[in-house]
Amino acid sequence: MNVSVYKYVLLVLLVVTKNVGAATPSEEFPAVAVEVNQQHYTVEYAYSDQQRALGLMHRLHLCNDCGMLFNFQRTKQAQMWMKNTLIPLDVAFIRKDGSISEITQMQANDDKLTKSRFQVMYAWEMNQGWFAKNAIQVGDKVVIKPVE
């Protein structure tokens, strides 16, 4: 095989592999309503293993009040990572009773795991700085409802 054909085949394989393995943000997530401090937000809802694995990966931007709520289906010490996540985010870990146990900053494309210190049922990701800007803090109660 000559060098130019080899380069072409390699390029095609690279593009195909990247596109096959990369889920796109066009994949639909259902919406869920989140209420905290008498404010109401509608965010994307990741409740299946596949949805939680994809999360906010491959997004180039996130609108000001957009985000994602992850439902782990049971209480556990949650682990989040930012692999292929292009936007710096904050994550609020939420206990089963709805109280925010901690809020942590996560950096774009960071492979380091961010672990909750406590057993939680949910993780709520928003743009970095969003929780502080909206006066949402540890101890606040979050109510999660279906979108009406």
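Gln73 is a residue of strand E3, and the model in which it is found is a predicted one. The exercises below begin with this residue.

**Exercise 1. Backbone and exposure of Gln73 and His58**

Task: State what is notable about phi of Gln73, and decide whether Gln73 is buried, partly exposed or exposed. Then treat His58 in the same manner.

Solution.
- Step 1. Most residues other than glycine have a negative phi.
- Step 2. Phi of Gln73 is near 70°, which is a positive value in a residue other than glycine.
- Step 3. The relative accessible area of Gln73 is 48%, so this residue is partly exposed.
- Step 4. His58 is not a glycine either, and its phi is positive, at about 70°.
- Step 5. His58 belongs to the loop between H2 and E3. Its relative accessibility is 24%, and His58 therefore counts as partly exposed.

**Exercise 2. The surroundings of Asn71**

Task: Establish whether Asn71 is buried or exposed, and identify the partners of its side chain.

Solution.
- Step 1. Asn71 is located in strand E3.
- Step 2. A residue is called buried when its relative accessible area is under 20%. Asn71 has a relative accessibility of 8% and therefore counts as buried.
- Step 3. Its side chain forms a polar contact of 2.8 Å with the side chain of Tyr45.
- Step 4. The side chain of Asn71 also reaches the backbone nitrogen of Gln73, at 2.7 Å. Gln73 is the strand residue with the positive phi from Exercise 1.
- Step 5. With residues up to four places away in sequence left out, Asn71 touches Tyr45, Ala46, Tyr47, Arg52, Met121 and Tyr122.

**Exercise 3. Comparing Ser101 and Gln119**

Task: Locate Ser101 and Gln119 in the strands, find how far apart they are in sequence and in space, and classify the exposure of each.

Solution.
- Step 1. Ser101 is part of strand E5, which covers residues 100–106. Gln119 is part of strand E6, which covers residues 114–127.
- Step 2. In sequence, 18 residues separate Gln119 and Ser101, and in space the distance from C-alpha to C-alpha is 9.0 Å.
- Step 3. Ser101 counts as buried because its relative accessibility is 6%. Gln119 has a relative accessible area of 48% and is therefore partly exposed.
- Step 4. Leaving aside residues up to four places away in sequence, Ser101 touches Phe93, Arg95, Arg117, Phe118, Val120 and Val138. On the same terms, Gln119 touches Thr75, Lys76, Gln77 and Arg95. Arg95 appears in both lists.
- Step 5. The side chain of Gln119 reaches the backbone nitrogen of Lys76 at 3.4 Å.

**Exercise 4. The disulfide**

Task: Find how many disulfides the whole structure holds, name the cysteines that form a disulfide, and determine its handedness.

Solution.
- Step 1. A disulfide is a covalent bond between the sulfur atoms of two cysteines.
- Step 2. A search of the whole structure yields one disulfide.
- Step 3. Cys63 and Cys66 form a disulfide in which the sulfur atoms are 1.8 Å apart.
- Step 4. The torsion about the S-S bond of Cys63 and Cys66 is about 85°, and the disulfide is therefore right-handed.
- Step 5. Cys63, at 37% relative accessibility, counts as partly exposed. Cys66 is partly exposed as well, with a relative accessible area of 26%.

**Exercise 5. The largest pocket**

Task: Describe the largest pocket by its volume, the residues closest to its centre and the composition of its lining.

Solution.
- Step 1. Rolling a probe the size of a water molecule over the atoms shows where empty space is left.
- Step 2. The largest pocket holds about 300 Å³ of space.
- Step 3. Its lining consists of 20 residues, of which Arg52, Phe70, Gln79, Met80 and Trp81 are the closest to the centre.
- Step 4. Two elements, helix H2 (49–54) and strand E3 (67–80), each give two or more residues to this lining. Strand E3 gives the most, with seven residues.
- Step 5. The lining of the largest pocket comprises 12 nonpolar, four polar and four charged residues.

**Exercise 6. The chain as a whole**

Task: Give the order of the elements along the protein chain and the share of its residues that is buried.

Solution.
- Step 1. The protein chain contains three helices and seven strands.
- Step 2. Read from the N terminus, its elements follow the order α-β-β-α-β-β-β-β-α-β.
- Step 3. Of the 148 residues in the protein chain, 37% are buried.
- Step 4. Among contacts between residues at least 6 apart in sequence, 66% join residues at least 24 apart.

Conventions
Residues numbered from 1 in each chain as written. Predicted model: local features only at pLDDT ≥ 70, side-chain atom pairs only at ≥ 80, totals over all residues. Heavy atoms only, no water. Helix = DSSP H or I, 4+ residues; strand = E, 2+ residues; numbered from the N terminus. Buried < 20%, exposed > 50% of the residue type's maximum accessible area, 1.4 Å probe, protein only. Contact = heavy atoms within 4.5 Å. Polar contact = N/O pair within 3.5 Å; in protein donor to acceptor, adjacent residues only side chain to side chain. Disulfide = S-S within 2.5 Å. 1 Å grid on protein atoms, 1.4 Å probe; cavity = no way out; pocket = protein on both sides within 12 Å on 5 of 7 lines; lining within 4 Å. Points joined across faces, edges and corners; volume = space filled by probe spheres on them. Nonpolar A, V, L, I, M, F, W, Y, C, P; charged D, E, K, R; others polar.
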